[in-house]
Amino acid sequence: IMLKELRLKNIVLVDFTTLLFSRDFNILSGESGSGKSAILNALNLISGDRMDATCIRHGEEKGIVEAVFDISHLSAVVSLLEKAGIDHDIDNDLFIRREVTLHGKSRAFINN
C-alpha cells in the first residue's frame with residue numbers, strides 16, 4: 001500500500017496540514033517542535049492505534065487524521081471493500097479518516 005496523502009487537523013500542535021508523498025524516497029526532517037512526532041502519531045492512528053483526547057490540539061473540540069492510499073495493485077483489498085459493501089473510486093484510492101473528540105469518542109471512516 002502506498003501512502004499518497006496525509007492530512008492532520010487539530011492534532012497535537014498542528015492546526016491543519018496536508019502532506020503529499022511520492023513513490024520515490026520521502027524524508028521527514030526539521031528542528032525540535034516542527035511536528036515530526038505529530039506526523040508519526042498520525043500514521044499510527046490511521047493504522048489503527050488507540051486515539052484519545054490527549055492528541056487533540058489545545059482549545060479544539062475534535063482532532064482529525066485523514067490518509068489516502070493507492071491500492072491500485074492490491075486486488076485483494078479492492079475485493080474486501082466490495083465484499084464489505086464499501087464503495088471505492090475508479091482510481092482505487094482508499095480513504096481512511098479517524099476522528100476523536102474531547103470526550104474521548106473515536107470514530108473511523110473508510111471511503112467516507
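This passage describes the fold, the helix packing and some single residues of a predicted model.

The model is predicted, so local features are given only at pLDDT of at least 70 and side-chain atom pairs only at pLDDT 80 or more, while totals for chains, interfaces and linings use all residues. Residues are numbered from 1 along each chain as its sequence is written, and side-chain values rest on heavy atoms, with hydrogens and water left out.

The overall layout makes a convenient starting point. The chain contains 2 helices and 5 strands, where helices (H or I, at least four residues) and strands (E, at least two) are DSSP runs numbered from the N terminus. In sequence order they give the pattern β-β-α-β-α-β-β. The C-alpha trace spans about 40 × 35 × 20 Å along its principal axes. For 112 residues, a compact globule would have a radius of gyration near 13 Å, and the 15 Å of the chain agrees with this; the radius is taken over C-alpha atoms, and the globule rule is 2.2 Å times the number of residues to the power 0.38.

Surface and contact totals fill in this picture. The accessible surface of the chain is about 7,400 Å², and carbon and sulfur atoms hold 52% of that area; such areas come from the Shrake-Rupley method with a 1.4 Å probe, and for residues only the protein chains shown count as cover. Of the 112 residues, 33% are buried (buried means under 20% relative accessible area, exposed over 50%, and partly exposed in between, with a 1.4 Å probe and protein chains only). Among contacts (heavy atoms within 4.5 Å) with a separation of 6 or more, 59% join residues 24 or more positions apart.

Helix α1, residues 36-46, offers a nice view of the packing. Its residues A38, I39, A42, L45 and I46 are buried. Seen down the axis of α1, these buried residues fall within an arc of 120°, so they line one face of the helix; the arc is that of the directions from the helix axis to the C-beta atoms. Their cover includes the strands β1 (2-11), β2 (14-20), β3 (62-70) and β4 (93-101). Just after α1, G48 adopts a positive phi of about 115°.

Strand β3 includes K62, which counts as partly exposed because its relative accessibility is 34%. Beyond its neighbours within four places in sequence, K62 is in contact with K9, N10, I56, E99, V100 and T101. The C-alpha atoms of K62 and I96 are 16 Å apart, with their positions 34 residues apart along the chain. In helix α2 (residues 75-83) lies S75, exposed at 61% relative accessibility. From S75 to M2 the C-alpha separation is 14 Å, at 73 residues apart in sequence.

The segment after β5 (106-110) holds N111 and also N112. Most residues other than glycine have a negative phi. Phi of N111 is nevertheless positive, near 50°, and N112 likewise shows a positive value of about 60°. N111 is buried at 16% relative accessible area, whereas N112 is exposed at 70%.

Aromatic rings complete the account. R97 lies over the face of F109, 4.0 Å from the ring centre; a charge sits over a ring if NZ of Lys or CZ of Arg is within 6 Å of the ring centre and within 35 degrees of the ring normal.
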